[in-house]
Amino acid sequence: MGDRLRVAVVTPLSEDLVELVERLEPRVEMLCEQELLPPVRYPSDHHGDPSFTRTPAQERRFARLIAAADALYGMPGEDPAALRRAIESNPRLRWVHTMAAGGGAQVKAAGLTAEQLERVTFTTSAGVHAGPLAEYALFGLLAGAKNLPRLQADAAQHEWPPRWLMGQLREQTVLVVGLGGIGREVARLLAAFGTQVIGTSRRGEPVEGVAELVHPSQLVDVVGRVDGIVVTLPGTAATEKLVSAEVLAAVRPGVTLVNVGRGTVIDEDALVEALRDRRVGFAALDVFAKEPLDPASPLWDLPNVIISPHNATLTPAEGRRIAELFADNAGRLLDGRPLRNVVNTVEWY
């Protein structure tokens with residue numbers, strides 16, 4: 001690859017962030033033509049305006065940009081099929097960085113060959129979103145502890161009810177399902193509240209702020225002891241419906257459930273039933289098994305649910321943090337050092 005890295009920018013990226021990457025890692029040349037990228041609708045918009053189209057001439061320029069690159073910043077159109085075409089068209093391509101923390105699912109969907117997976121290294125933006133998602137998890141747990149739906153219902157009726165007890169995180173036990181970057185940050189913040197934290201881990205390595213570790217296969221045995229559950233796991237074959245109907249049947253009645261991982265980790269039909277009969281007292285959901293969430297989904301109408309449209313990661317600083325991560329990884333690639341957040345192409349996370 002030499003001592004320079006040519007990077008085709010194939011996702012919306014401001015000129016300020018293009019310059020930031022080149023300033024942080026001067027050996028990188030960012031190939032970015034703004035008119036070939038969809039206009040952004042808000043800061044850190046990695047998809048851009050969905051109505052954007054390129055002229056045939058612009059498509060040829062975009063293809064030439066990709067063909068001249070050693071690496072891609074983003075996935076063309078956030079489309080796995082476009083990713084496959086880019087890799088097929090450029091035998092010199094060695095690295096693709098995805099904007100999503102869960103970019104492994106997109107790479108899997110591209111249907112790449114074994115040779116292509118061996119040739120190209122894929123990395124994700126995992127870790128960039130830990131702070132915002134941990135805050136969302138706390139928001140959900142606090143909303144459940146303070147019974148936000150009851151407060152909203154009373155306010156809607158202009159009703160001043162008799163005083164009633166609220167929960168306190170300091171007095172609660174919370175299960176964090178998944179102790180990757182997001183789960184560790186959730187555990188750290190909860191420990192600062194004085195919350196007792198249980199975490200799931202396949203390896204059993206100690207984690208700061210986690211008082212007890214359990215294997216993911218033990219969920220059904222532990223959920224009856226907790227007041228809150230935070231799901232942070234990626235969507236893989238191993239995690240699909242890990243929070244199963246059996247697990248939801250075993251929870252302590254009134255438990256709060258927050259999902260900032262992937263929607264497929266929870267059996268959504270079973271969750272609806274658990275919310276209806278109040279085994280799950282409150283749920284804050286940022287992710288769903290199928291997105292966008294079907295307008296006919298009963299989750300929309302349940303009073304003890306807060307729905308956010310896979311939006312909890314978005315902050316004005318997200319784009320800058322991804323650019324900083326990319327620059328660091330570019331330096332690692334050029335120096336022959338291990339990259340951060342490499343996609344596991346067996347389990348796809």
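The chain I am showing today has 12 helices and 12 strands, where helices (H or I, at least four residues) and strands (E, at least two) are DSSP runs numbered from the N terminus. Its radius of gyration is 22 Å, close to the 20 Å that the globule rule gives for 349 residues, so the chain is as compact as a globular protein of that length; the radius is taken over C-alpha atoms, and the rule is 2.2 Å times the number of residues to the power 0.38.

Please keep in mind that this is a predicted model, in which local features need pLDDT of at least 70 and side-chain atom pairs count only at pLDDT 80 or more, while totals for chains, interfaces and linings use all residues. Residues are numbered from 1 along each chain as its sequence is written, and side-chain values use heavy atoms, with hydrogens and water left out.

Along its principal axes, the C-alpha trace spans about 70 × 45 × 35 Å. Of the 349 residues, 49% count as buried, meaning under 20% relative accessible area with a 1.4 Å probe and protein chains only. Among contacts (heavy atoms within 4.5 Å) between residues at least 6 apart in sequence, 66% join residues at least 24 apart.

Let me finish with one residue, R119, which sits in helix α5, spanning residues 114-119. R119 is buried, its relative accessible area being 16%. Which residues does R119 touch, if we do not count those up to four places away in sequence? They are I87, N90, P91, R92, L93 and R94.

Conventions. Buried < 20%, exposed > 50% of the residue type's maximum accessible area, 1.4 Å probe, protein only.
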